[in-house]
Structure formats: C-alpha cells, structure tokens
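Ready for a few short exercises? Have a look at the structure below, then try each task before reading its solution.

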Amino acid sequence: MSSSAITSANAPLLGENKPPAKHTSVSSAVFNVSTSIIGAGIMSIPAALKVLGVIPAFMLIVIIAWLADISVEFLMRYTHAGKSTTYAGVMKESFGRIGSILVQLCVITNNLGCLIIYLIIIGDVLSGNQPEGSVHLGVLQEWFGIHWWNSRAFSILFIVAFIMLPLVSFRRVDALRFSSALAVFLAVLFVAISSVTAIAALVEGKTETPRLLPYLDSNASFFDLFTAVPVIVTAFTFHFNVGISGYLLFGESIMPDILVNFDQNSGSALGSLLNDVVRLSYVLHLVLVFPLLNFSLRANIDEFLFPSRPILAKDNTRFMSLTLILLAICYLAAIAIPNIWYFFVFMGSTSAVSLAFVFPGAIALRDVHGISTSRDRIVSAVMIILAAVTSVIAISSNIYSFFT
C-alpha cells in the first residue's frame, strides 16, 4: 500500500461497461495511475528496516501483504454484491452517509500528508537537513555553499511558487500525462542507480552489516518498534527492494529520508555524480507527481465541501482559492515539521490503516448483503483489532518522542 496508492474516494473499484463521455488516451491513464502508485514511501523503508531489523521487517511485509489481499477481496466481493462501484459508495451501503464521509476524510488526509512529505523530501535534497543533531548538506549547499537563497524555507518556496503552482493549475488530469510518464522513468532510474550502487558496494566490501533483529535497550525502544509498522503499511509495495539496498549502503546511520544520506562522500568523482543524480532525479520525480496527487486532493475537498456547486474546473475563484490554500498548507507544514517519519507514522496509523484494513473489515462484519462466512468475520475482527492496537501504540510513541 504505497503512500499515494489511494487517490480518490470515488474511484471505481470495478470497471463500468459505459463508454466515457470524453476519452483520455490509454497511455495517459497508465502513466497517471503508475505515477500515483509510486509514491514517497520508498524513502522511509530503509529507516523502518533499521528500527525492526531485516528479519522482522520481511515478516511484517508478508503479513501486511496477506492482510491487504484479504481486505481487497472483501471490497471486491461487496462491490459485486451491491450497486455501487466506488469505495465511498460501498461504505455508504454498509454504514450510510457517515461511512462515505469517513472514506472521503481518510482519502483527503492521506493525499494531503503525501504532498507535505513530497515537499519535505524536496527540501532535504536541495537544502539538507539536521536530523538527530547530524548535519546533512543539500545539493545546492554542496555546489554553492550555504546562503540565504538556498535555505530550506526559500528553496521550497521557490519550487512551490514557480514550478508547483503552474503544474497544479491545469484543469484536466489528462494534461499531466507527459509529466507522469517522465516521473515513472525517473522513479525507475532512482531504483536502478540505488540498486547498482548497493551491489557495487557489497562486492567491494563497503556495505555495513545489516542488523537482522531489533536492538532493544529500553521500554521506549520496544514501543518504537510499533512506529515502523504504519510506515510499512503506508508503503510496502514496490519499494522494498530499494529499502534493503539503502540499508546495506548506510546501515545504522540511515535517516528517515534516505535521500539525506546521499550527501556522504563516496570517495570518487563518479560516485559523487551518481549521488547527485540519485537525489535530483527523485526530486524531479516528486515535483512531477505532486500535481497529480494535488488534482485528486483538490477534487475530493471540493466535492466534500461544495457537493451541489458547479464543476470545480469551471469556477475560477473556487479553483484558484482551493489551489492556493492547499499549497500554503503543504508549504507551512513542510517547514514546521521537516521529518517525514512523523507524517508516515500519523498517516499509517490513521487514514492509511483505515482505508487498507479497518473499513474493509468493518464492511465484512456489517455484512449487509449476507455473504460473509464465519472465517471472514473472524479475520475481519482480528484485522481491525490488530490495526487499532498497533495504531494507538504507534501514535502514542510518536507523540512521546516528538515532545521529549
């Protein structure tokens, strides 16, 4: 379940046999969907391995994948049995209007959190970060030295005002097909370079020995294990190969955003060049992904707040107001809390875990169509209880660590 895998509460769960009123190309749809799936979760998987250790992390991946498969099967079965073809509609059939509202709120929270994470990562790469007291310079600071114009606040503001704003001003999602295609290519490039770099370091004996099991030296460290669970819940698909590569490269020095670690001196001009290529390629990827996710977020908020108003794209005042407000919120949050770990834990413990496990389990338990088996009800109950307990512990631990 990647950090941006669920982009719309009203996206069809099953295809409808109705011709669209206005076609978008197949390639456009493929690239836009692929771009929304390949999210920023790739950045925090290595840090999750650091917290859990390799063996528990792999076991957790398998368990989450199994539970996700079950929850998707529940959704598909109840979509077939009912009249609705959307997630919000299926929830409405089971729990009324409150069910569809909860889905919409979770989708809005998930997408807004992802956009904030994107800006934090962009700031990490361009202007560096100082997590846990260690200083990591950004690309602009390495190239030009430390100045006011390449500070974190200014560089993110520049990107938002002069790059993000024009991109998010498109009224049709099909207009983003070329940027989505480029974004997919850049993500693949990032995976390729990271994997090759890790393999080369492994052959040369420069990698750090990965910790197979978690290191527990206090009660706090035990509860910290639960903070890694929502991170993997949010981003366990596609990203795990980069996770192990990053952990091999940086070991215990891994940061919540792995791109921060790529400021380390590789010992050669080629290595330094590859480090910069890795960081800048993924920043450009996120810049191109941002408008696609923003398009969905803006549409969901507008539908939630103004359900009876005309189409958003035809109302210039409403369109620009929502666009500017969302950009301002994302910018301020990215500056105020420059650590993607907190956002991943919050999203994974609230909106992502609800969309992935709690709501599908609740639908199966409610069983308005009378199609759940005894096994379905038992699995649903266990899934909801595990999600709730893990989320409460993770949020509590995250809040404690944030204020201490």
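## Exercises on a predicted model

A starting point: in this predicted model, Phe158 has a relative accessible area of 42% and is partly exposed.

**Exercise 1.** Find out how the rings of Phe158 and Phe162 are arranged.

*Solution.* Begin with the chain: both residues belong to helix α7 (residues 152-168), where they are 4 residues apart, about one turn of the helix. Next, look at the rings, whose centres are 5.0 Å apart. Pairing requires centres within 6.5 Å. The planes meet at 40°, so this pair is tilted. Finally, check the surroundings of the partner: Phe162 is exposed, at 59% relative accessibility.

**Exercise 2.** Classify the aromatic pair formed by Trp148 and Phe154.

*Solution.* The aromatic pairs number 4. In the pair of Trp148 and Phe154, the centres are 5.1 Å apart and the angle between the planes is 75°. An angle over 60 degrees counts as edge-to-face, and that is the label for this pair. Now compare each residue with the cut-offs: exposed means over 50%, and buried under 20%. Trp148, at 61%, is exposed, while Phe154, at 33%, is partly exposed.

**Exercise 3.** Why is helix α13 described as largely enclosed by the rest of the structure?

*Solution.* Helix α13 covers residues 340-349. Go through its residues and pick out the buried ones, among them Ile340, Trp341, Phe343 and Met347. Buried residues make up 8 of the 10, so the helix is largely enclosed by the rest of the structure.

Definitions and conventions: Residues numbered from 1 in each chain as written. Predicted model: local features only at pLDDT ≥ 70, side-chain atom pairs only at ≥ 80, totals over all residues. Heavy atoms only, no water. Buried < 20%, exposed > 50% of the residue type's maximum accessible area, 1.4 Å probe, protein only. Helix = DSSP H or I, 4+ residues; strand = E, 2+ residues; numbered from the N terminus. Phe/Tyr/Trp six-rings, centres within 6.5 Å; stacked < 30°, edge-to-face > 60°.
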